[in-house]
Amino acid sequence: MLKEKVQKSLNQQMNAEFYSSYLYLAMSAYFESDNFSGIAKWMKIQSQEEYSHAMKFYNYLLQAAGKINLSLIEAPKVGWNSAEEVFQDTVKHEQKITKSIYDLVDLAAEEKDHATNIFLQWFVTEQVEEEATAMKILDRIKLIGENKNGLFYLDHELGKRGASN
Ligand SMILES: [Fe+2]
Ligand SMILES: [Fe+2]
């Protein structure tokens, strides 16, 4: 049986993952409207991945006989000024998510909820990858600077992302 506090925080994290999915979909739309269809595809897959993260929380809550609380999903911002700004937001967002996962791990430990703690370990590892990937793309965009060819090359490369990555 999940403790009330743990159940509430798992539901909040589920909402945060749905928001992540929303955010990356908004970013995908931004790149699509700017004709960077490769980065748009990368972002759309990222959005789907975040949806699957939310569903991991959903399934865990059900399995642990918890209550699902689907709450309002915040609307992400609509436009960005540059690819660099998008990836700056992405890095910041992933850092925020990492912090909320860590807080959740701390709570599970405090509440001696070992099962939830183990469930969360996958997300701890995943966040290392999420932050590293976003940071790497941001660094490349900074290197590219105003060079349009560089950005088109990056677009081509990110467009190769497969759904399982
Ligand atoms: Fe996530
Ligand atoms: Fe993420």
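Donors here are N, O and S atoms within 2.8 Å of the metal. Keep that cut-off handy for the first exercise, and remember throughout that this is a predicted model.

**Exercise 1. Work out which residues hold the iron ion (ligand 2), and how its donor residues are spaced in sequence.**

Step 1: go through the donor atoms. Glu50 (OE), Glu94 (OE), Glu94 (OE) and Glu130 (OE) coordinate the iron ion (ligand 2), at 1.9 to 2.6 Å. Notice that Glu94 appears twice in that list.

Step 2: write the spacing. The donor residues of the iron ion (ligand 2) follow the pattern E-x43-E-x35-E.

Step 3: place two of them on the fold. Glu50 sits in helix H2 (residues 37-63) and Glu94 in helix H3 (residues 83-110), so this pair, 44 residues apart, links distant parts of the chain.

Step 4: check how covered they are. Glu50 has a relative accessible area of 1%, so it is buried. Glu94 is buried too, also with a relative accessible area of 1%.

**Exercise 2. Decide what geometry the site of the iron ion (ligand 2) has, and find the residue that bridges to the iron ion (ligand 1).**

Step 1: get the angles. Among the four donor atoms they run from 52 to 150 degrees.

Step 2: try the tetrahedral label. That label needs all angles between 85 and 135 degrees, and the range of 52 to 150 degrees goes outside that window.

Step 3: give the verdict. The site is irregular. A word of caution: water is not among the atoms, so sites may look incomplete.

Step 4: look for the shared ligand. Glu50 bridges the iron ion (ligand 2) and the iron ion (ligand 1), and the two ions lie 3.3 Å apart.

**Exercise 3. Describe the largest nonpolar core and say which element gives the largest share of it.**

Step 1: size it up. This core has 25 residues, and Phe31, Met43, Val86 and Phe87 have the most contacts inside it.

Step 2: list the contributors. Helix H1 (4-33), H2, H3, helix H4 (114-144) and helix H5 (148-158) each give two or more residues. H1 supplies the largest share, with seven residues.

Step 3: zoom in on one residue. Leaving out residues up to four places away in sequence, Val86 touches Met27, Tyr30, Phe31, Met43 and Trp80.

Step 4: don't stop at one core. Apart from it lies another, of 21 residues, including Ala16, Ile97, Ile101 and Val105.

**Exercise 4. Take the salt bridge between Glu49 and Arg161, the one between Asp103 and Lys99, and the one between Glu157 and Arg140, and say what parts of the chain each joins.**

Step 1: start with the total. A search of the whole structure turns up eight salt bridges.

Step 2: look at Glu49 and Arg161. Their side chains meet at 2.9 Å, N to O. Glu49 is in helix H2 and Arg161 in the segment after H5, so the pair ties together parts 112 residues apart in sequence. Both Glu49 and Arg161 are buried.

Step 3: turn to Asp103 and Lys99. Their closest N and O atoms are 3.0 Å apart. Both residues lie in helix H3, four residues apart, which is about one turn of the helix. Asp103 counts as partly exposed because its relative accessibility is 38%.

Step 4: do the same for Glu157 and Arg140. Here the closest N and O atoms are 3.1 Å apart. The pair links distant parts of the chain, with Glu157 in helix H5 and Arg140 in helix H4, 17 residues apart. Glu157 is partly exposed at 29% relative accessible area, and Arg140 is partly exposed at 29% as well.

Step 5: add the network. Salt bridges link Lys77, Glu85, Asp89 and Lys92.

**Exercise 5. Test whether the span of H1 agrees with its number of residues, then find the positive phi value just after H1.**

Step 1: predict the span. At 1.5 Å a residue, the 30 residues of H1 should span 44 Å.

Step 2: compare. The end C-alpha atoms of H1 are 44 Å apart, so the two agree.

Step 3: check burial. H1 is mostly covered, as 21 of its 30 residues are buried.

Step 4: move past the helix end. Asn35, in the loop between H1 and H2, takes a positive phi of about 65 degrees. Asn35 counts as exposed because its relative accessibility is 62%.

Step 5: look in the loop between H2 and H3, where Ala65 is found. Ala65 has a positive phi of about 60 degrees, though it is not a glycine.

Key. Residues are numbered from 1 along each chain as its sequence is written. Chains are lettered from A and ligands numbered from 1 in the order in which they are written. This is a predicted model: local features need pLDDT of at least 70, side-chain atom pairs count only at pLDDT 80 or more; totals for chains, interfaces and linings use all residues. Side-chain values use heavy atoms; hydrogens and water are left out. Donors are N, O and S atoms within 2.8 Å of the metal (3.2 Å for Na, K and Ca); water is not among the atoms, so sites may look incomplete. Four donors count as tetrahedral if all angles lie between 85 and 135 degrees; four count as square planar and six as octahedral if opposite donors are over 155 degrees apart and all others between 65 and 115; anything else is irregular. Buried means under 20% relative accessible area, exposed over 50%, partly exposed in between (1.4 Å probe, protein chains only). A nonpolar core is a set of buried Ala, Val, Leu, Ile, Met, Phe, Trp, Tyr and Cys residues joined through side-chain atoms within 4.5 Å. Contact means heavy atoms within 4.5 Å. A salt bridge is a side-chain nitrogen of Lys or Arg within 4 Å of a carboxyl oxygen of Asp or Glu. The expected span of a helix is 1.5 Å times one less than its number of residues.
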